[in-house]
Amino acid sequence: DPSMTLVGAMGLAASRDRIAHEYVSAFETTFIVGMPALTQARQDGLSWDDAVTETFLQILAVHPDSHISRRGGIALAERVSEQARCAIEAGGVRSAAGRGAIDAMNGTLRDDKNLANPGTTADLTAAAIFATLLSRGWN
């Protein structure tokens, strides 16, 4: 038999894991960062692909990825978040310079020698997509 609730267990890991933090914060990143970013991107006329990319970058820019942090340290996670911020500042998916910054970031992240796999950010982006679809019913 479990000795604590799921939320209680997640509370033990919340300071080092963004998914656990979501459980104890009432899904703060999903509802305060992800959904608004995705909603705005779609309202601005971005395709789903571009809107999802923009949402991913917005989440990563605000919160260093805890999967990267566990694998390569907080300094690496913060550097990747800085790359996301720079891509957004360059225009993100909305400009050629921004897309260039995204492509460069993607190339770095996909390098086989790289420990920086922003898997937590991908999960949070998926949660934002799910919540947005449930609340708005967009297709």
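## The loop between α7 and α8

Asn114 sits in the loop that links α7 and α8. This is a predicted model, so treat every value here as computed from it. A polar atom of the Asn114 side chain lies 3.0 Å from the backbone nitrogen of Ala116. Set aside the neighbours within four places in sequence, and Asn114 is in contact with Thr108 and Leu109.

Leu115 belongs to this loop too, with α7 covering 96-110 and α8 covering 119-136. Is Leu115 buried or exposed? Neither label quite fits: Leu115 has a relative accessible area of 37%, so it counts as partly exposed. Which residues does Leu115 touch, leaving aside its neighbours within four places in sequence? The contacts are Arg71, Gly72 and Leu76. There's also a C-alpha pairing to look at in that part of the chain: Leu115 and His67 are 48 residues apart along the chain, and their C-alpha atoms are separated by 9.3 Å.

## Overall build

Stepping back to the whole fold, the protein has eight helices and zero strands. Reading along the sequence, you get α-α-α-α-α-α-α-α. The C-alpha trace spans about 55 × 40 × 20 Å along its principal axes. How does the radius of gyration sit against what a compact globule would have? For 139 residues that globule would come in near 14 Å, and the protein has 16 Å, which agrees.

Contacts between residues at least 6 apart in sequence are worth a look as well: 60% of them join residues at least 24 apart. The Leu115 contacts with Arg71, Gly72 and Leu76 give you a local view of how that loop meets another part of the chain. As for burial, 37% of the 139 residues in the protein are buried. On the outside, the protein exposes about 7,700 Å², and carbon and sulfur atoms supply 56% of that area.

## A nonpolar patch on the surface

Now for the surface itself. Leu6, Val7, Tyr23, Val24, Phe27, Phe31 and Ile32 make a nonpolar surface patch of about 630 Å². Which helices supply at least two residues each to the patch? They are α1 (6-13), α2 (18-24) and α3 (28-43).

Phe31 is one of the patch residues, and you'll find Phe31 in helix α3. Its relative accessibility is 43%, so Phe31 counts as partly exposed. Phe27 is another patch member, but Phe27 lies in the loop between α2 and α3. With a relative accessible area of 33%, Phe27 is also partly exposed.

## Positive phi between α2 and α3

That loop has a backbone detail you may want to check in the viewer. Phe27 has a positive phi of about 60°, although it is not a glycine. Ala26 is not a glycine either, and its phi is likewise positive at about 60°.

Where is Ala26 placed? Ala26 is in the loop between α2 and α3. The side of the story that concerns solvent is plain: Ala26 has a relative accessible area of 58%, so it counts as exposed. For Phe27 the figure is 33%, which means partly exposed.

Terms used
Residues numbered from 1 in each chain as written. Predicted model: local features only at pLDDT ≥ 70, side-chain atom pairs only at ≥ 80, totals over all residues. Heavy atoms only, no water. Patch = residues over 30% accessible without salt bridge, like charges linked within 9 Å, V, L, I, M, F, W, Y side chains within 5 Å. Areas by Shrake-Rupley, 256 points an atom, 1.4 Å probe, with all protein chains shown as cover. Salt bridge = Lys/Arg side-chain N within 4 Å of Asp/Glu carboxyl O. Helix = DSSP H or I, 4+ residues; strand = E, 2+ residues; numbered from the N terminus. Buried < 20%, exposed > 50% of the residue type's maximum accessible area, 1.4 Å probe, protein only. Rg over C-alpha atoms; globule rule 2.2 N^0.38 Å. Contact = heavy atoms within 4.5 Å. Polar contact = N/O pair within 3.5 Å; in protein donor to acceptor, adjacent residues only side chain to side chain.
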